[in-house]
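Please open the model in your viewer and keep the sequence panel beside it. The tour below goes from one selection to the next and says what to look for at each stop.

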Amino acid sequence: MSSAKVIVILFFYTCTVRECVQHDFEPVKTALLQTWAEKLYFELWNCGEYITNRKSLQSKYNKEAKLEGRNGQVLAANISSVIKSMMDKKHQALKRILDIVEEVAVSAHDKAAPGNEYKVRNAKPKTATVNTSLPLDYLTVNSHFYNTPVNVSYSSVHVPTYVYDRASDVIKAIKWSEHLDETFKKNYEKDPRLSWQYFGSTTGFMRQYPAMEWPNKPVDLYDCRMRPWYVEAAASPKDILILVDNSGSMMGQSKIIARHVINTLLDTLSVNDFVNVLVFSNVTNEVVPCFEGLLVQATLANIRELKLGVEHIAEPNNISDFSEALTRAFETLEKYRERNMGAMCNQAIMLVTDGVPENFYELFKSHNWKNGTMGMPVRVFTYLIGREVPEIRDMKWMACANHGYFVHLSTVEEVREQVVHYLPVMARPLVLHQSHHPVIWTPLYADVIDPKMTDYEWEIKECLQQRTDTISYKKTKDQFFYPINEAKRKHSRMKQELNQNLNINRQKKYNLITSLAMPAFDKKTEMNITIRRLINDNYWVWETREVFNNSTGSLPLYFWSSLEKS
């Protein structure tokens with residue numbers, strides 16, 4: 001209103017001056033000009049006070065504000081120093097967790113798994129195995145942890161719904177990871193601004209500090225191995241091509257399992273990875289036509305498009321041409337490798353099928369073994385679908401001969417647990433340099449049960465905004481595009497964002513956080529492994545072998561530690 005008054009006054013006085021000059025031919029009196037100037041000053045001053053809110057600022061500082069010159073370089077250096085100090089504290093805290101993990105893991109190798117008498121502080125006591133969990137006592141609401149009831153005296157353990165919490169490898173790791181509690185508490189004492197501290201294992205369980213009871217409504221889908229901090233620390237950036245068989249035999253349950261395998265593989269990727277999904281029978285095509293011949297960055301939006309493409313794969317038919325599909329996959333990866341595009345690191349092909357006609361030795365020799373079997377650029381992972389599969393030798397050979405991993409899947413329930421086994425294999429280059437532990441800062445993401453819900457939450461907000469804009473347009477028509485109305489909408493959005501950032505005590509569904517993660521290595525120099533072998537195509541036998549670590553071999557990557565910062 002003040003600015004409108006000023007415009008009107010200026011226009012009125014201009015007309016008065018013109019009338020004086022044109023009609024009266026008398027000079028304007030000095031006193032009249034002085035009056036005009038004072039009125040104009042008064043209006044401008046009031047307008048400025050209203051816009052700048054000067055009195056409110058003065059009351060806060062209790063003194064007149066004044067301008068002071070600052071050196072921009074010095075100011076930037078000070079800000080950089082503060083940020084570096086904060087990041088160093090988080091890094092040091094994570095390093096303390098890492099040291100304890102690697103030390104205790106080695107000493108626990110030769111110990112037997114605890115029996116049923118051993119009890120765990122399970123974050124989901126209602127779903128834990130009967131008489132195996134300790135109560136989560138004295139949980140109190142803590143504003144630092146987003147008003148969640150916690151206990152900072154100990155940690156709790158979360159086990160995914162589809163992982164048996166008393167399996168020998170799981171319960172053994174849970175037992176020795178108890179030693180982390182003291183380190184967790186010391187980290188929190190040294191840096192009270194720390195948020196959640198995590199330890200995630202390849203067996204699926206996660207030890208979290210401080211202890212809290214895990215929400216089970218409507219269903220617990222959480223798996224630490226699917227979280228951004230775990231995925232990014234687990235392996236180097238990678239180019240992935242997923243080949244899914246759509247021949248006539250991939251009907252019914254096989255098609256459902258294959259689709260679930262693809263979606264789970266996509267869930268394990270981060271923004272550092274590049275991916276595409278190809279479906280093949282007698283011809284090979286991308287599930288998303290506009291991604292033809294490409295590897296797209298694994299952003300949430302692209303992952304969503306790929307999942308939608310998988311959802312709309314045509315009904316299975318014809319006979320699969322594996323040679324064409326594999327050749328196309330190798331050529332695409334070679335193109336990205338030679339042109340330094342994509343992740344420019346690891347490359348892999350994921351083959352999802354219910355069986356292969358042969359092992360395609362010549363194809364691998366011409367495309368992947370040009371520099372010998374030790375220098376192959378692409379790993380091959382094979383996922384065999386089906387309960388009654390007559391022949392698995394070729395599928396297994398294809399994976400092993402190309403430094404990959406073979407998985408046999410017969411039910412939907414085991415998919416999520418079995419698919420993640422490819423991560424330790426992709427992490428082998430990291431394990432070869434055991435003295436180097438890369439530090440990973442994740443991008444900002446929503447602290448929701450399913451990390452892919454971040455994109456969904458954003459889409460819901462955008463849809464609500466579009467709905468509001470559409471209703472406004474129907475009411476105002478042409479006025480909707482007036483600059484003043486566009487400015488109002490922009491101001492409203494900025495105000496909402498500002499309120500969202502400032503109101504830290506608000507009740508909300510999720511928090512925006514970033515995590516710091518680091519891989520920990522199992523430094524056991526020798527271990528026994530048990531494998532199953534097929535003898536003379538007739539019967540299976542189990543063999544136990546002792547494996548030693550040497551300069552050319554690699555140890556499995558077992559654990560990841562993480563800190564979260566909101």
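Begin by selecting helix 10 (322–338), strand 10 (346–353), helix 11 (361–367), strand 11 (378–385) and strand 12 (405–409), which are among the elements that cover the buried residues of helix 12, where contact means heavy atoms within 4.5 Å. Helices (H or I, at least four residues) and strands (E, at least two) are DSSP runs, numbered from the N terminus. Now add helix 12 itself, residues 393–401, in which D394, M395, M398, A399 and A401 are buried; buried means under 20% relative accessible area, exposed over 50%, and partly exposed in between, with a 1.4 Å probe and protein chains only.

Before going further, note that this is a predicted model, in which local features need pLDDT of at least 70 and side-chain atom pairs count only at pLDDT 80 or more, while totals for chains, interfaces and linings use all residues. Residues are numbered from 1 along each chain as its sequence is written, and side-chain values use heavy atoms, with hydrogens and water left out.

Next, select H403, which lies in the loop between helix 12 and strand 12 and has a phi near 55°, a positive value in a residue other than glycine. With a relative accessibility of 28%, H403 counts as partly exposed.

Move to N340, in the loop between helix 10 and strand 10, where phi is again positive, near 55°, in a residue other than glycine. N340 is exposed, and its relative accessible area is 54%.

Two cysteines can be selected after that: C345 counts as partly exposed at 41% relative accessibility, whereas C400 counts as exposed at 53%. If a disulfide is taken as a pair of cysteine sulfur atoms within 2.5 Å, the count comes to zero.

For the backbone, go to P210, found in the loop between strand 5 (206–209) and helix 7 (228–234), and look at the peptide bond from Y209 to P210, which is cis, with omega near -5°.

Finally, select helix 2 (residues 30–52) and helix 3 (residues 54–61), whose axes come within 6 Å and cross at roughly 60°; axes are lines fitted to C-alpha atoms, for helices over the stretch in contact, and angles run from 0 to 180 degrees between N-to-C directions. That makes helix 2 oblique to helix 3, since angles under 35 degrees count as roughly parallel, over 145 as roughly antiparallel, 65 to 115 as roughly perpendicular and the rest as oblique. To display the contact, show W45, E49 and T52 of helix 2 together with R54, K55 and L57 of helix 3.
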